[in-house]
Amino acid sequence: MAKQPFISIPLDIPDVQVLKTEITKAGELILTVESTLTSTICRRCGRTITEGHGHDEARLLRHLPILGRPVYLRIRPKRFRCPYCDGHPTTTQKLDWYDPAALHTNAYERQLIVLLINSTLTDVATKEDVTYDALLGVLDRWIGRTVDWERLPAFVTLGIDEIALTKGHRDFVAVLSARTSDGEVHLLAVLPDRRKATVVAFLAAMPAARQAQITTVCSDMWEGYVAAAQEVLPHATLVIDRFHVAQHYRDGVDSLRKQELRRLREELPEAQRDDLKHTLWPFRKRPEDLSTAEQGRLKRLLGHSPALRRAYTLREELTRIFDTARSKADGLRRIGFWRQRVARSGLTCFDAFLKLFDRWGDLIGNYFVHRQSSGFVEGLNTKLKVLKRRCYGLKHVGHLFQRLTLDLDGYRRFSPWRTAHAGAHGNS
Ligand SMILES: [Zn+2]
């Protein structure tokens, strides 16, 4: 082999010395290391013990790669004998850079955790050549399956959202989140269903100080959520998220678009059928976000369907009310006028929404009082949608909690760029 330049870099693992370095035929780096610490804590009496008593079997721990090479640390853990306890039991030395149950060093597990953010177990298992089960073990060591109230920042808004795990509308899990005043979303729970009793049980078990801080509960229009919040958090204001409201009134208009496209594809002369293509996003986006080309496509589509034009206009009018109403009374009054225009239009695509409005109008109106930004509700719901697609078939709520926590909080908690080599190189 041609002569190569060599470098040396610090190992960044405390209290070990390297006895040997080898490169296997496969190009893997194996570093044999030994702990330089000369004591441990007796597993029976808890005292510090220093009397050496041989070694355990050698362990091979996967570590962070170096220059693209997989790295393993080989260590024979030291054993110590207790002079105080009856029978002088021996204890294996515990070191804080690996977990005795793990196949990897903590540093490498942290990297695996970062790789799992917004990804899947199968994908990371393939990329890193680790097993699926090993990754499940990593998740369990690094991320709890339920919320850790101690580490949660203060929050005043509780959000209740949901994911439908299977197609159709039966298999819902409820997703409870905390929103801090600076717009961070933290996961509180994934509940196995959306029954009132299930939500009540969780809310009632929340620390009393946390309950008392909650001023607002934002949810979708669902009896179970609203009734649960009213029972356990009677002091909080209930708001139906603008995001969920918009979903409902926009759904009806989207269905009408599909229906009209089907009709127009049959009725329009061949030459004009191209006018129907690439109209989904021009039709869905806010008018002010459209490019000139998109405006043209939208105009041609609406030109073919007066009903769709009326529905589009009414949809945008309702959005405008949510953007600009100055108070609850103003908002509800304007929605009242809007309803009259819907009735005069002869359209039925808002019927389902109006039925919901009859039931939930008061809580929808609370939006105009607090004007919570719906940005993070939307962000969370986008994550839920993506997670559902990625983790198809994932039904265990504990695992859903871990994966969602990781997606929401992973970069904040585990990003290597925030803590990389902190301490090891002082002020670098
Ligand atoms: Zn002892």
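Which strands does helix H14 (residues 375-390) lie across, and at about what angle does the helix run to E10? In this predicted model, helix H14 lies across E10, E11 and E12, and its direction is at about 30° to E10. The points below take up the sheet that carries these strands, then the zinc site, and then helix H10.

**The five-stranded sheet and its helices**

- The sheet is open and consists of five strands in the order E12-E11-E10-E13-E14, with mixed pairing.
- Strand E12 (185-191) and strand E14 (237-240) each have a single partner strand and stand at the edges, so one side of each is left without a neighbour in the sheet.
- On average, and with direction ignored, neighbouring strands of this sheet are turned by 25° against each other.
- Strand E10 (residues 157-164) and strand E11 (residues 172-179) run antiparallel and are joined by eight bridges; within this pairing, Ile 160 has Leu 176 in E11 as its bridge partner.
- Besides H14, helix H15 (residues 397-414) packs on the sheet, where it touches E11 and E12, and its direction makes about 175° with that of E12.

**The zinc site**

- Four cysteine sulfur atoms coordinate the zinc ion at 2.3 Å, namely the SG atoms of Cys 42, Cys 45, Cys 82 and Cys 85.
- The angles among the four donor atoms are 103 to 114°, and the site is tetrahedral.
- Along the sequence, the donor residues follow the spacing C-x2-C-x36-C-x2-C.
- Cys 42 sits in the loop between strand E3 (40-41) and strand E4 (48-49), while Cys 85 sits in the loop between strand E8 (78-81) and strand E9 (90-92), so this pair ties together parts that are 43 residues apart in sequence.
- Cys 42 counts as buried because its relative accessibility is 3%, below the cut-off of 20%, and Cys 85, at 10% relative accessibility, counts as buried as well.

**Helix H10 and its surroundings**

- Helix H10 (residues 306-324) has 19 residues, which at 1.5 Å a residue should span 27 Å, and this agrees with the 27 Å that separate its end C-alpha atoms.
- The buried residues of H10 are Ala 307, Leu 308, Ala 311, Tyr 312, Leu 314, Arg 315, Glu 316, Leu 318, Thr 319, Ile 321 and Phe 322.
- Among the elements that cover these buried residues are helix H7 (242-267), helix H8 (280-284), helix H9 (292-304), helix H11 (328-345), helix H12 (351-365) and helix H13 (367-370).

How values were computed:
Residues are numbered from 1 along each chain as its sequence is written. This is a predicted model: local features need pLDDT of at least 70, side-chain atom pairs count only at pLDDT 80 or more; totals for chains, interfaces and linings use all residues. Side-chain values use heavy atoms; hydrogens and water are left out. Donors are N, O and S atoms within 2.8 Å of the metal (3.2 Å for Na, K and Ca); water is not among the atoms, so sites may look incomplete. Four donors count as tetrahedral if all angles lie between 85 and 135 degrees; four count as square planar and six as octahedral if opposite donors are over 155 degrees apart and all others between 65 and 115; anything else is irregular. Helices (H or I, at least four residues) and strands (E, at least two) are DSSP runs, numbered from the N terminus. Buried means under 20% relative accessible area, exposed over 50%, partly exposed in between (1.4 Å probe, protein chains only). The expected span of a helix is 1.5 Å times one less than its number of residues. Contact means heavy atoms within 4.5 Å. Two strands pair if DSSP finds at least two bridges between them. Axes are lines fitted to C-alpha atoms, for helices over the stretch in contact, and angles run from 0 to 180 degrees between N-to-C directions.
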